[in-house]
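Here is a short tour of one structure. Keep the model in view while you read.

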Amino acid sequence: MQNTNGEQFLELLSAPKNIVITTHFKPDADALGSSLALAIYLKTKGHTVQVISPSDYPRFLNWLPGQEEVISLSEETKIQIETLINKADLIFCLDFSSLSRINDLCDIVRASPAEKVMIDHHLNPENFAEYKFWNCNAAATAELIYDFIILLGDQHLINIAIAECIYAGMMTDTGSFRYPCTTKKVHQIIAELIEIGADNSKIHRLIYDNSTENRLRFMGYALSEKMEVLGEFNTALFVISAEELQRFDSETGDTEGLVNYGISIDGITMAAAIIEREDAVKISFRSVGNFAVNEFAALHFEGGGHKNASGGKSSLSLEETVEKFKNLLHLYKEKLTTN
Ligand code: 5GP
Ligand code: MN
């Protein structure tokens, strides 16, 4: 994929524009942090900017600078959002590269006369945007937002608010700086962000030590009662029903991190969390080593993502999805056990 160069971006943004920034369904810290960092930056450059989310987002993101102005899609906001998207000159699409990931916003964005700019780090991007800033070697979209601001010669405009949004995205997408994507460059950018004034310890606490009592009790329940270790396949599995989510008053984001406990078991190659959501059964995959869960998710569960962290969905029932998953393990037994 050919990226748009700096001059073309400078030209594109040379006069004030009406800009919408959107990101994927159920945004995580990278998705929302990138969107807010870019929004703050573009506003200081004189553009009119609105961040639109295709859904609500976890409570541990409700401190991010500027998040109170985000409009999330709901029955009440649908018409307002449609108008904003149709009136926009430019739509920035952040942290996704397949339009299906913005769910109900997909058709509205596709139909909008606005030009699109994709900034993303996921593999196998779709070609829906006129302008692209894509790099699958970036640890996070937030890293690309940093690069984008540098590319446009505006390093001096990175203030504390932008720095904290970028920090949050890079911290979470690198698993707190431990996944293989944590390069020297990641640490160099992080050092810059701390220099600018991002409070790393505060951000870590706000994101990771922001649970409700219910969430912790749910995690305890899931770990002791719901984790299945399929030793023959080096696989750990959580299956969570809608009733169980309800029992623990589960909120958006409460199941985040569950699947990581599965992959933390010694000798496990793949972990999956199969969760019965309102609209579909959603699945999170994690792996270690060469087992590519993005390919697994793309081939069997309408998904994708990164080699060691991916997701997908299923329109089958929860039970049928689990059966399908377990049957697939036989096909992948060799790969899972010689990883
Ligand atoms: P999580 O399991 O944390 O929800 O998602 C892990 C990664 O998988 C995300 O960063 C994203 O790249 C990818 N991902 C999650 N769900 C989907 C999906 O439905 N489709 C695609 N293409 N990627 C997904
Ligand atoms: Mn990301």
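## Around ligand 1

In this predicted model, 13 residues surround ligand 1, and those that come nearest are His122, Lys282, Ser284, Arg286 and Gly304. Polar contacts to three side chains are listed below.

| Side chain | Atom of ligand 1 | Distance |
|---|---|---|
| His122, N or O atom | oxygen | 2.6 Å |
| Lys282, polar atom | nitrogen | 2.8 Å |
| Ser284, polar atom | oxygen | 2.6 Å |

How much of ligand 1 does the protein cover? On its own, ligand 1 has 500 Å² of accessible area, and the protein covers 79% of that.

Which strands build the shell around ligand 1? Strand S10 (281-287), strand S11 (304-305) and strand S12 (309-314) each give at least two residues. S12 supplies the largest share, with four residues. By class, the shell around ligand 1 holds nine polar residues, three charged ones and one nonpolar one.

## The manganese ion

Ligand 2 is a manganese ion. Its protein donors are Asp30 (OD), Asp95 (OD), His121 (NE2) and Asp173 (OD). These donors lie 2.1 to 2.4 Å from the ion. Along the chain, their spacing reads D-x64-D-x25-H-x51-D.

Where do His121 and Asp173 sit? His121 is in the loop between strand S5 (115-120) and strand S6 (131-134). Asp173 belongs to helix H6 (residues 160-173). The two are 52 residues apart, so this pair links distant parts of the chain.

## The second largest pocket

Now turn to an open space in the protein. A probe the size of a water molecule, rolled over the atoms, shows where empty space is left. The second largest pocket holds about 160 Å³ of space. Which residues line the second largest pocket? They are Phe25, Pro54, Ser55, Asp56, Leu73, Ser74, Glu75, Lys78, Asn103 and Asp104. This lining has four charged, three polar and three nonpolar residues. Among the charged ones are Asp56, Glu75, Lys78 and Asp104. Phe25, Pro54 and Leu73 count as nonpolar.

How values were computed:
Residues are numbered from 1 along each chain as its sequence is written. Chains are lettered from A and ligands numbered from 1 in the order in which they are written. This is a predicted model: local features need pLDDT of at least 70, side-chain atom pairs count only at pLDDT 80 or more; totals for chains, interfaces and linings use all residues. Side-chain values use heavy atoms; hydrogens and water are left out. A residue is near a molecule or strand if one of its heavy atoms lies within 4 Å of it. A polar contact is a pair of N or O atoms within 3.5 Å; within protein, one must be able to donate a hydrogen and the other to accept it, and residues adjacent in sequence count only if both atoms are side-chain atoms. Accessible areas come from the Shrake-Rupley method with a 1.4 Å probe; for residues, only the protein chains shown count as cover. On a 1 Å grid over the protein atoms alone, a cavity is a set of points where a 1.4 Å probe fits but cannot get out, and a pocket is an open set with protein on both sides within 12 Å along at least five of seven lines; lining residues have an atom within 4 Å of a point. Grid points are joined across faces, edges and corners, and a volume is the space filled by probe spheres set on the points. Donors are N, O and S atoms within 2.8 Å of the metal (3.2 Å for Na, K and Ca); water is not among the atoms, so sites may look incomplete.
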